[in-house]
Amino acid sequence: MNMASKRDFVDYIADQCAGAGEITVKKMFGDYGIYCDGKIFGLICDDCFYLKPVDAVRPLLRTVDLRPPYDGAKDYFYIADVDDHDYLSRLVCETCKALPEPKPKKKKP
């Protein structure tokens, strides 16, 4: 049974990643997507932080732990060490550099 993340934890992760750019979170499917400068780079599920797996970040990880953030999901990097602000900001920054730009939203007629 999945438990939703506590807002305190979500806010803490957003603060820890803030060195990478403008961090925002959006509630998705009962948990949270986390964005930097409008680009989604990770998920916060069950009070755990997951980063999109990009090759550029793998060598920066202290431990490589791939696991799905929720049932049926693809594997993401599970980040256990969330208390190091500089480390998280660097991971987020490098992840976002490697991710494609978000597609522009189509204007509704």
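Strands here are DSSP runs of at least two residues, numbered from the N terminus. With that in hand, Asp47 is easy to place: this residue sits in the loop between strand 3 and strand 4. One thing to know up front is that the model is a predicted one. Much of this briefing circles around strand 4, which covers residues 48–51, and then turns to a buried aspartate and the cysteines.

**The turn between strand 3 and strand 4**

- Strand 3 takes in residues 39–45, and it pairs with strand 4 in the antiparallel sense, over 4 bridges.
- One of the links here is between two cysteines by position: Cys45 has Cys48 in strand 4 as its bridge partner.
- The two strands make a hairpin with 2 residues between them.
- Asp46 lies in that loop, and its phi is near 50°, a positive value in a residue that isn't glycine.
- Asp47 is in the loop too, and here phi is positive again, at about 55°, although Asp47 is not a glycine either.
- How open are these spots? Asp46 has a relative accessibility of 28% and so counts as partly exposed, while Asp47 is partly exposed at 22%.

**Strand 4 and its other neighbour**

- In a regular strand, side chains alternate between the two faces of the sheet.
- Strand 4 shows two sides of this kind: Cys48 and Tyr50 point one way, Phe49 and Leu51 point the other way, and all are buried.
- Strand 4 is also joined to strand 6 (residues 76–79) by 3 bridges, and these two run antiparallel.
- Across from Phe49, in strand 6, you'll find Ile79.

**Aromatic pairs**

- How many aromatic pairs are there? The count comes to 2.
- One is Phe41 with Phe49: the ring centres are 6.4 Å apart and the planes sit at 85°, so this pair is edge-to-face.
- Both Phe41 and Phe49 are buried.
- Tyr50 and Tyr78 make a tilted pair, with 5.6 Å from centre to centre and 50° between the planes.
- Because Tyr50 belongs to strand 4 and Tyr78 to strand 6, this pair ties together parts that are 28 residues apart in sequence.
- Both tyrosines are tucked away: Tyr50 is buried with a relative accessible area of 6%, and Tyr78 is buried at 18%.

**A buried aspartate**

- Asp31 is found in strand 2, which spans residues 31–36.
- This aspartate is buried yet has no salt bridge, and the nearest side chain of opposite charge, Lys27, is 6.4 Å away.
- For scale, a salt bridge needs a side-chain nitrogen of Lys or Arg within 4 Å of a carboxyl oxygen of Asp or Glu.
- What does the Asp31 side chain reach instead? It gets to the backbone nitrogen of Ser5, at 2.9 Å.

**Cysteines without disulfides**

- A disulfide is a covalent bond between the sulfur atoms of two cysteines.
- This structure holds 0 of them.
- Why does Cys17 have no such bond? Its sulfur is 8.3 Å from the closest cysteine sulfur, in Cys36, and that is too far.
- Cys93 tells a similar story: the closest cysteine sulfur is again in Cys36, at 7.0 Å, too far for a bond.
- The cut-off for calling a disulfide is a pair of cysteine sulfur atoms within 2.5 Å.
- As for their surroundings, Cys17 is buried with a relative accessible area of 0%, whereas Cys93 is partly exposed at 28%.

Terms used: Residues numbered from 1 in each chain as written. Predicted model: local features only at pLDDT ≥ 70, side-chain atom pairs only at ≥ 80, totals over all residues. Heavy atoms only, no water. Buried < 20%, exposed > 50% of the residue type's maximum accessible area, 1.4 Å probe, protein only. Lys, Arg positive; Asp, Glu negative; His and termini not counted. Polar contact = N/O pair within 3.5 Å; in protein donor to acceptor, adjacent residues only side chain to side chain. Pairing = 2+ DSSP bridges. Phe/Tyr/Trp six-rings, centres within 6.5 Å; stacked < 30°, edge-to-face > 60°.
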